[in-house]
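Here are my comments on the model you sent round. They are set out as numbered points, with the loop that caught my attention taken up before the overall fold.

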Amino acid sequence: MLKRISPPVLLLLPAIIVLVAVVLFPLLLSFYSSFTPFRLTRPATLFTFIGLRNYIRILTDPVFLAAFVRTVVLLTIALNLEMLLGLGLALLVNKATHGKRVLRTLMMFPMMFSPVLVGFQFKFMFNDNVGIINNALQSLGITATAIPWLIDGNLALLSIVIAEVWSSTSVFAILILAGLLAMPQEPVEAAKVDGCTSWQTFRYVTWPFLMPFAFIAMTIRSLDVARAYDIVKIMTDGGPARRTELIWTLVGRTAYADAQMGLANAMAYVSIILSIVFTVYFFRKLALARTQIGAEW
């Protein structure tokens, strides 16, 4: 039988077997289990088909809906802040006359840290007793008492946003800087000759060229934020009182703390749909921006 298979297929066969065993089979099994009441403590429930009952349950569950909305809010705020800060960093580095290589290297440092390490780092920094942020605020006389960053629900979500933005702004900065370095200078010089101000040159010449790079970064980061888990798990574990619970922390709690694996897989697939929606949206924006550049340039 193997003799009938062409040599290229034979060479790819080990990789195909690994992909099927490691990716395809678990994916299909998890998708099937989302239509069952599968519990880790009762393996026989994997063979009980209940249709869309898990999906109906989560879509009418206020805890899941709150986590879903919170994930979208976090994703929207984090992406916009990261884009603005990344754009600012890229413009500053591009304007630097000396040490550009050093600045580009320093700009990449936050990306090198594990999300778990970032979570521990910011958990310590926002600690209301020994955290450096409260100590600095009190030393400067800005506040007289320690601020409960990770205990207050709204402040805890703000702390997570700050940690996410710090760790991933460099993704936007690097991609936008790549766009600035690849950008031809003739249109910029022509705009200056025509009497355009710096803002007009940026608004109508520079930014349209950079938009595809920004949307690529948006696509990459939307996938990361939509499945955010590590930083939230370390900093707040979804607390206080589930005020920082996101979809994937709720999935982990449902799957392993409550042992409801079928229900957790249904939540996970709803989260995957959310990621696909954002990805399709940003890809359409990317295609539109590229078409606009092609038409104008």
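**Notes on the predicted model**

1. R253 has a relative accessible area of 22%, which makes this residue partly exposed. The model is a predicted one, and the values below are computed from it. R253 is part of a single network, together with K233, D237, R242 and E245, built from salt bridges that share partners.

2. One of the pairs in that network is R253 with D237, where the closest N and O atoms are 3.9 Å apart. This salt bridge links distant parts of the chain: R253 sits in helix α12 (residues 247-257), whereas D237 belongs to the loop between α11 (230-235) and α12, and the two are 16 residues apart. The cut-off for a salt bridge is 4 Å, so anyone quoting this pair should give the 3.9 Å with it.

3. D237 also forms a salt bridge with K233, and here the closest N and O atoms are 2.8 Å apart. Are these two partners buried or exposed? D237 is partly exposed, at 34% relative accessible area, and K233 is likewise partly exposed, at 35%.

4. The backbone at D237 deserves a look as well. Its phi is positive, about 55°, although D237 is not a glycine. R242, another member of the network, also has a positive phi without being a glycine, with a value near 60°. R242 lies in the loop between α11 and α12, and at 36% relative accessibility it counts as partly exposed.

5. Which peptide bond in this region is cis? The bond from G239 to P240 is, with omega near -5°. P240 is found in the loop between α11 and α12, which is also where D237 is located. Please mention the cis bond when describing this loop.

6. A further salt bridge pairs R221 with D224, the closest N and O atoms being 3.5 Å apart. Both residues lie in helix α10 (residues 198-226), 3 residues apart, or about one turn of the helix. How do the two partners stand in terms of exposure, buried or partly exposed? R221 is buried, with 3% relative accessible area, while D224 is partly exposed at 28%. The cut-off for buried is under 20%, so R221 falls in that class at 3% and D224 at 28% does not.

7. As general background, side chains of opposite charge can pair when their charged atoms come close. Over the whole structure, a search finds 7 salt bridges. The chain carries 23 positive and 14 negative side chains, and the centres of these two sets lie 9 Å apart.

8. On the fold as a whole, the chain contains 13 helices and 0 strands. Read from the N terminus, the run of elements is α throughout. Along the principal axes, the C-alpha atoms fill a box of roughly 75 × 70 × 35 Å.

9. How much of the chain is buried? Of its 297 residues, 40% are buried. Among contacts with a separation of 6 or more, 67% come from residues 24 or more positions apart. The exposed area of the chain is about 17100 Å², and carbon and sulfur atoms supply 70% of that area.

Note on methods: Residues are numbered from 1 along each chain as its sequence is written. This is a predicted model: local features need pLDDT of at least 70, side-chain atom pairs count only at pLDDT 80 or more; totals for chains, interfaces and linings use all residues. Side-chain values use heavy atoms; hydrogens and water are left out. Helices (H or I, at least four residues) and strands (E, at least two) are DSSP runs, numbered from the N terminus. Buried means under 20% relative accessible area, exposed over 50%, partly exposed in between (1.4 Å probe, protein chains only). Contact means heavy atoms within 4.5 Å. Accessible areas come from the Shrake-Rupley method with a 1.4 Å probe; for residues, only the protein chains shown count as cover. Lys and Arg count as positive and Asp and Glu as negative; His and the chain ends are not counted. The place of a charge is taken as NZ of Lys, CZ of Arg, CG of Asp or CD of Glu. A salt bridge is a side-chain nitrogen of Lys or Arg within 4 Å of a carboxyl oxygen of Asp or Glu.
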